[in-house]
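User: I am a first-year student and would like a close look at a single part of this model, explained step by step. Please take your time and link the details to one another.

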Amino acid sequence: MDLIPTPTHTTAYDPGAGFALTPRTVLAAGPGAEDTAQWLRATVGAATGLPLAPGEWPVTASAGLPRSASASAAGTAAGSPSGAPAGVVRLAVDETVPGGPEAYRITVDPASGVRITGASPAGLFWGAQTFRQLLGPEAFRRAPTDAARAWRVPACHLTDAPRFGWRGFMLDVARHFMPKDVVLRYVDLMAAHKLNVLHLHLTDDQGWRVEIRRYPKLTEVGGWRERTKVGLRESPLWDERPHGGYYTQDDIREIVAYAARRHITVVPEIDIPGHSQAAIAAYPDLGNSDVVDTEALGVLTKWGVNPNVLAPTEQMIAFYEDVLTEILELFPGTFVHVGGDECPKDQWRASGIAQARIKELDLADEHELQSWIIRHFDAWLAERGRRLIGWDEILEGGLAPGAAVASWRGYAGGIAAARAGHDVVMCPESHVYLDWRQSADPDEPVPIAHVRTLEDVYRFEPVPAELTAEEARRVIGTQANAWTEVMDSVRVVDYMVFPRLAAFAEVAWSALPAPADRDWADFERRMAAHYARLDALGVEYRPAAGPRPWQRRPGVVGRPKEGPPPIR
């Protein structure tokens, strides 16, 4: 079976046998299965044109026909198309399904139909995603293309459960704003690949993308920039159009609710104390005004590590407490990401205010000052029943007690955090930064860093061999990151993210062998079917043969690096 991610265990029955869905096939949903039933009717029902009418629960001898039909079924000839049952797709939640809360099993029997059982509503939903794949690529369309098509599921039994509880995808909407419909589309694409954490990078030097009602200038001023560098620092090109946009609080509520119905948690990122020039442009008192004229700072129009960082003042702390108070109202998940990366200390070294703060707090240096800021928000979030997560720079100067670490500069930060008893999400740039170029082809658009092919991502292993079994349990998951400095449209995001996100999804979900032992040829074979699913979904992925003519960016230089990336 050409399934991605590959299930834990699959048994195919007679290759010629299967269960046919017809207009009389019903969908019988047990307690806890109602949302998945609704989702199946909205997606598979739309693609097939089949009503998937509600059936009785528990399923009876009348094969779960709707109440209106089951009453007359007994008196209807077996061969009559008007009343004869045509099988049932059963949806059930059963906590005894082994493998954890997201586990599921599917049985397809030619005689009795399909049974999808999840250990929880989430497990059931992931089972429904597999069921959709079993129907074929056309089940991923929004309307039927052939009214006479026969819909058939191969007879089989499979059981499945995820390896990691955090299977994440980060979308950077700060560098290039992605409208709400793009985010909702990516939620659906994540769900199709059984990914369950959407990390939204909402603030940076180049833009602030979430409405904060107490501080309206964050979006009025910080939400747009006058122009944009096309390409990286080396490029002489500029896009002179203003760029901007933000999500209202109702937009965020909609995104969070839409994702929750698909068992995806949205984790917001509000960058502190670096990557903050958009906030400083809106409220200049947040910056180091005794060192630089913060009144003259606008939203940054180019890319790279930026020296303009937040001032370590009580005013700044109170400001971001207010911001996070509203963020907690919008995002109900456990984790809040505070960035914490790439914070140059030059302004703090030159600032009398910062140096007085270091002395007042009896800190050793500027690294400990940054750690003090992160520790403050770690405790502040913990008091409110939440947890802080940050990039691995938060290790510098001492790690906040309850913090989790997103290890991006390689494995080293994650290893150190796990050994210190902290939870870790592995997302090393050398393996799962999806803005890195996909081949050495000169037509590759805006080539960044080292080549990271589909096979490279498929062979990514999130848990370092150096960790003991106990330490390895601290690796709660893994995440692929899409930074959008040079991704200025959803078409470009599609090209850079897919098909590599499909390989990452298999790494995050499936218990695969060691990287060197993984069956790349089998994955390539299964990807041939998966490309057809992506086509049906309208994803403009990178073809295996290289970029299509309109996917190239001639004349926009990048920053390619030769050879394999260093593994740290």
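What is the order of the strands in the open sheet of seven strands? Please start from there, look closely at the helices that lie on the sheet, and then set that part beside the rest of the chain.

Analyst: Please keep in mind throughout that this is a predicted model. The open sheet holds seven strands, which follow one another in the order β1-β9-β6-β7-β5-β3-β4, and their pairing is mixed. Because β1, residues 9–12, and β4, residues 53–54, stand at the edges and have a single partner strand each, one side of each is left without a neighbour in the sheet. As background, strands of a sheet pair through backbone hydrogen bonds, and they may do so in a parallel or an antiparallel way.

At the β4 edge we can look at one pairing in detail. Strand β3, which covers residues 26–29, runs parallel to β4 and is joined to β4 by two bridges. Within this pairing, Leu27 is found opposite Pro54 of β4. A backbone detail belongs to the same neighbourhood of the sequence: Leu52 sits in the loop between α1 and β4, and Leu52 has a positive phi of about 45 degrees even though it is not a glycine.

Next come the helices on this sheet. Helix α1, made of residues 34–48, lies across β3, β4 and β5, the last of these being residues 88–93, and α1 runs at about 160 degrees to β3. Helix α3, made of residues 121–135, lies across β5, β6 (104–109), β7 (113–118) and β9 (156–160), and its direction is at about 145 degrees to that of β7. Strand β5 therefore appears in both descriptions, once under α1 and once under α3.

How do these two helices meet each other? In general, two packed helices are described by the angle between their axes and the distance between the axes. Here α1 and α3 pack at an angle of about 25 degrees with their axes 10 Å apart, and because angles under 35 degrees count as roughly parallel, α1 is roughly parallel to α3. The crossing in which α1 passes α3 is right-handed. On the α1 side the contact is made by Thr36, Trp39, Leu40, Thr43 and Val44, while α3 contributes Pro121, Leu124, Phe125, Ala128, Gln129, Phe131, Arg132 and Leu135. Sorted by class, this contact has nine nonpolar, three polar and one charged residues.

Two of these contact residues, Trp39 and Phe125, also form a ring pair, and the count of aromatic pairs in the model comes to 20. The ring centres of Trp39 and Phe125 are 5.1 Å apart and their planes stand at 70 degrees, so the pair is edge-to-face, a term used for planes over 60 degrees apart. Since Trp39 belongs to helix α1 and Phe125 to helix α3, the pair ties together parts that are 86 residues apart in sequence.

To set this part beside the rest of the chain, we can turn to a second group of strands. Eight strands close into a barrel in the order β10-β11-β18-β19-β20-β21-β22-β24, with parallel pairing, and the twist from one strand to the next averages 30 degrees. One of the pairings in this barrel is that of β10 (residues 166–172) with β24 (residues 475–482), which pair in the parallel sense over six bridges, and there Arg167 has Thr478 of β24 as its bridge partner.

Helix α11, residues 366–383, lies across β18 (265–272), β19 (335–339) and β20 (387–391), at about 150 degrees to β20. This helix also packs with α10, residues 352–360, at an angle of about 80 degrees and with the axes 10 Å apart, so α10 and α11 are roughly perpendicular to each other. Their contact brings Ala354, Gln355, Arg357 and Ile358 of α10 to Glu366, Leu369 and Trp372 of α11, and by class it has four nonpolar, one polar and two charged residues. Read beside each other, the two helix pairs show two arrangements: α1 with α3 is roughly parallel, whereas α10 with α11 is roughly perpendicular.

Definitions and conventions: Residues numbered from 1 in each chain as written. Predicted model: local features only at pLDDT ≥ 70, side-chain atom pairs only at ≥ 80, totals over all residues. Heavy atoms only, no water. Pairing = 2+ DSSP bridges. Helix = DSSP H or I, 4+ residues; strand = E, 2+ residues; numbered from the N terminus. Contact = heavy atoms within 4.5 Å. Axes fitted to C-alpha atoms, helices over the stretch in contact; angles between N-to-C directions. Phe/Tyr/Trp six-rings, centres within 6.5 Å; stacked < 30°, edge-to-face > 60°. Parallel < 35°, antiparallel > 145°, perpendicular 65-115°, else oblique. Left-handed = near helix turned anticlockwise from the far one by under 90°. Nonpolar A, V, L, I, M, F, W, Y, C, P; charged D, E, K, R; others polar.
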